[in-house]
Amino acid sequence: RLALPVIVSSFVFFLIGMLGPKPQEAAAVVHGEEHADENATVELPLVDDRFQNMQSGRVWSWEIGVVLKVKRKNEEYVSAQLGEREAEISEGISQIIRRAQHIHLKEPELTTLNRQIKGFLDKSLGVDPEGESRIECVMIPKCKGIQLEA
């Protein structure tokens, strides 16, 4: 007698499980992955050149490399702007280096140059549709100075 109610309730539970709504978790995971991929960062080389600086009263030649870190969603726009405005952006970077104080070029983390270059690029490239900077980070992996004889 006790077995029949258990069998019926198990059958009802099984039937409801088969016909009931399915979990929606998979769609949320896919959406989250797309959003995460959009916010992944990529590195774009900006400049790798030599610049002169005479702010210390002596002539210095600085070999400097600058790389930008941008979100993948901004990569296409930033790359296009860097290509279309290559001379303008190169001149702006050159002016920043030529006007930099010698102590700024010798900073261990180059924070002053990073801040100045990022400010210049934010002004040049504008903000993304959400109102955020298109540049996540400015990196200067190479900054070597050589004093030249006058």
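**Entry 1. Helix α3**

I began with helix α3 of this predicted model and listed its buried residues: N74, V78, Q81 and L82. I then asked what covers these buried residues of α3. The cover includes the strands β1 (41-53) and β2, together with the helices α4 (86-99) and α6 (111-125).

I also checked the length of the helix. Helix α3 covers residues 72-84, which is 13 residues. At 1.5 Å a residue it should span 18 Å, and its end C-alpha atoms are 19 Å apart, so the two values agree.

**Entry 2. N74 and Y77**

I next took N74, which is placed in helix α3. With a relative accessible area of 3%, N74 is buried, because the cut-off for that word is under 20%. Leaving aside neighbours within four places in sequence, I found N74 in contact with D128, S133 and R134. For one of these partners I noted the separation: N74 and S133 lie 59 residues apart in sequence, yet their C-alpha atoms are 9.6 Å apart in space.

R134 came up again when I looked at charges over rings. Over the ring of which residue does the charged end of R134 sit? I found it over the ring of Y77, 3.7 Å from the ring centre.

**Entry 3. The chain as a whole**

I then stepped back to the protein chain. Its secondary structure comes to 6 helices and 3 strands. From the N terminus on, I read the order of elements as α-α-β-β-α-α-α-α-β. The chain has 150 residues, and buried residues make up 29% of them.

I looked up how far apart in sequence the contacting residues are. Of the contacts between residues at least 6 apart in sequence, 70% join residues at least 24 apart.

**Entry 4. The largest nonpolar core**

Nonpolar side chains tend to be buried together in soluble globular proteins. I therefore looked for a nonpolar core, meaning buried nonpolar residues joined through side-chain atoms within 4.5 Å. The largest one here has 27 residues, and L46 and L68 have the most contacts inside it. Two or more residues come from each of β1, β2, α3, α4, α6 and β3 (137-147). Which element gives the most to this core? I recorded β2, with 6 residues.

I followed L68 further. Not counting residues up to four places away in sequence, L68 touches V42, E43, L44, L46, V78, L82, L121, I135, C137 and V138. Two of these partners, V78 and L82, are among the buried residues of α3.

**Entry 5. Strand β2 and its tryptophans**

I turned to S61, which lies in strand β2 (residues 60-71). S61 is buried, because its relative accessible area is 11% and the cut-off is under 20%. Beyond residues up to four places away in sequence, S61 touches R50, F51, K144, G145, I146 and L148.

I then searched for aromatic pairs. A pair of aromatic rings is described by the distance of the centres and the angle of the planes. The count comes to 1 aromatic pair. It is formed by W60 and W62, with 5.5 Å centre to centre and 20° between the planes, and it is stacked. I checked whether these residues are buried or exposed. W60 is buried, with a relative accessible area of 13%, and W62 is buried too, at 2%.

**Entry 6. S94 and R50**

S94 is placed in helix α4. I found S94 to be buried, with a relative accessible area of 12%. I also noted that S94 and R50 are 44 residues apart in sequence and 9.0 Å apart in space, C-alpha to C-alpha. R50 is also one of the residues that S61 touches.

**Entry 7. Cysteines**

A disulfide is a covalent bond between the sulfur atoms of two cysteines. How many disulfides does the structure hold? I recorded 0 disulfides. I looked up the accessibility of C137 and C143 as well. C137 counts as partly exposed at 29% relative accessibility, and C143 counts as partly exposed at 22%.

**Entry 8. L110**

Most residues other than glycine have a negative phi. I therefore noted residues with a positive value, in view of that general rule. L110 is one of them, with phi near 50°. L110 is placed in the loop between α5 (102-105) and α6. At 8% relative accessibility, L110 counts as buried.

Methods: Residues are numbered from 1 along each chain as its sequence is written. This is a predicted model: local features need pLDDT of at least 70, side-chain atom pairs count only at pLDDT 80 or more; totals for chains, interfaces and linings use all residues. Side-chain values use heavy atoms; hydrogens and water are left out. Helices (H or I, at least four residues) and strands (E, at least two) are DSSP runs, numbered from the N terminus. Buried means under 20% relative accessible area, exposed over 50%, partly exposed in between (1.4 Å probe, protein chains only). Contact means heavy atoms within 4.5 Å. The expected span of a helix is 1.5 Å times one less than its number of residues. Rings of Phe, Tyr and Trp (its six-membered ring) pair if their centres lie within 6.5 Å; planes under 30 degrees apart count as stacked, over 60 as edge-to-face and the rest as tilted. A charge sits over a ring if NZ of Lys or CZ of Arg is within 6 Å of the ring centre and within 35 degrees of the ring normal. A disulfide is a pair of cysteine sulfur atoms within 2.5 Å.
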